[in-house]
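Biologist: Hey, got a minute to walk me through this one? I'd like to start with the sheet.

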Amino acid sequence: MKTDSYSERMAQLTEAGVRVDSPEAMISLGRDVAAGLHAGSVLALQGGLGAGKTHFTKGIAQGLFDDLADGLGGSPEVTSPTFTLVHEYQGGRLPLYHFDFYRMGSEEEVLRIGWDEYLDEDGVVVVEWPDKFPDLIPAQVTWLSFEHDDGARIVKLLHS
Ligand SMILES: Nc1ncnc2c1ncn2[C@@H]1O[C@H](COP(=O)(O)OP(=O)(O)OP(=O)(O)O)[C@@H](O)[C@H]1O
Ligand SMILES: [Mg+2]
């Protein structure tokens with residue numbers, strides 16, 4: 001079941017993109033994508049302010065938790081990492097490290113909080129505003145774009 005919705009979602013994201021018309025549906029898309037993540041996965045979420053990147057990440061976190069014994073481990077609360085620089089979620093199928101480059105002043109600042117070490121962990125790294133410091137993004141990345149479309153959002157897979 002999960003694998004089916006994962007392949008279906010990835011196909012949609014690659015072709016026309018997926019139109020997502022509510023915050024709940026954005027979380028649900030993240031949950032579907034989470035099923036295909038593995039240790040070392042890096043997701044770059046590009047898109048303007050309020051385009052839904054943090055909601056999608058919330059779905060990723062929930063999906064990683066769902067994969068354990070039907071959510072027995074509980075579910076994480078995902079908020080924007082704007083003020084803490086990186087949010088870590090342990091206890092799911094894989095650890096999740098959530099970054100947001102929006103308020104980072106320089107590549108050096110990102111490196112100082114341990115960017116390379118997080119990439120070397122056997123977890124999932126999600127980064128909002130990756131286009132701010134593209135040189136920091138590894139070649140093996142799933143790069144998604146988020147755009148406003150009236151009240152809804154369009155999510156596309158740019159490359160993976
Ligand atoms: N698919 C959607 N349709 C309608 N509203 C949405 C959708 N996804 C998210 N939203 C709403 O958009 C707002 C911003 O969402 P979110 O914080 O996830 O965006 P973001 O891309 O992380 O923004 P930022 O760049 O500021 O970090 C929230 O109020 C959320 O409820
Ligand atoms: Mg955000």
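Modeller: Sure. Two strands count as paired if DSSP finds at least two bridges between them, and the elements are DSSP runs numbered from the N terminus, helices being H or I over at least four residues and strands E over at least two. This is a predicted model, where local features need pLDDT of at least 70, side-chain atom pairs count only at pLDDT 80 or more, and totals for chains, interfaces and linings use all residues. Residues are numbered from 1 along each chain as its sequence is written, while chains are lettered from A and ligands numbered from 1 in the order in which they are written.

Biologist: OK, how many bridges join β6 to β7?

Modeller: Seven, and β6 (residues 142-149) runs antiparallel to β7. F146 has V155 as its bridge partner in β7, and E147 has I154.

Biologist: What links β6 and β7?

Modeller: They form a hairpin with two residues between them, and D150 in the turn has a positive phi of about 50 degrees.

Biologist: What about β1 and β7, how many bridges there?

Modeller: Three, in the antiparallel sense. I154 of β7 is the bridge partner of R19.

Biologist: And the order of the whole sheet?

Modeller: It's an open sheet of seven strands, β1-β7-β6-β2-β5-β4-β3, with mixed pairing. β1 (18-20) and β3 (86-89) each have a single partner strand, so each edge strand has one side without a neighbour in the sheet. From one strand to the next, the twist averages 20 degrees.

Biologist: Switching to helices. Which strands does α2 lie across?

Modeller: β1 and β7, and α2 runs at about 140 degrees to β1. Axes are lines fitted to C-alpha atoms, for helices over the stretch in contact, and angles run from 0 to 180 degrees between N-to-C directions. Contact means C-beta atoms, placed from the backbone, within 7 Å.

Biologist: How do α2 and α3 cross?

Modeller: Their axes come within 6 Å and cross at roughly 45 degrees. That makes the pair oblique, the class left over once under 35 degrees is roughly parallel, over 145 roughly antiparallel and 65 to 115 roughly perpendicular. On the α2 side, the contact residues include P23, M26 and I27, and on the α3 side they include H55 and F56.

Biologist: Last topic, the ligand. Which residues are closest to ligand 1?

Modeller: P23, G52, K53, T54 and H55, out of 20 that surround ligand 1; near here means a C-beta atom, placed from the backbone, within 6 Å. α2 (23-34), α3 (53-66) and β7 (152-159) each supply at least two residues of that shell.

Notes. Contact = placed C-beta atoms within 7 Å.
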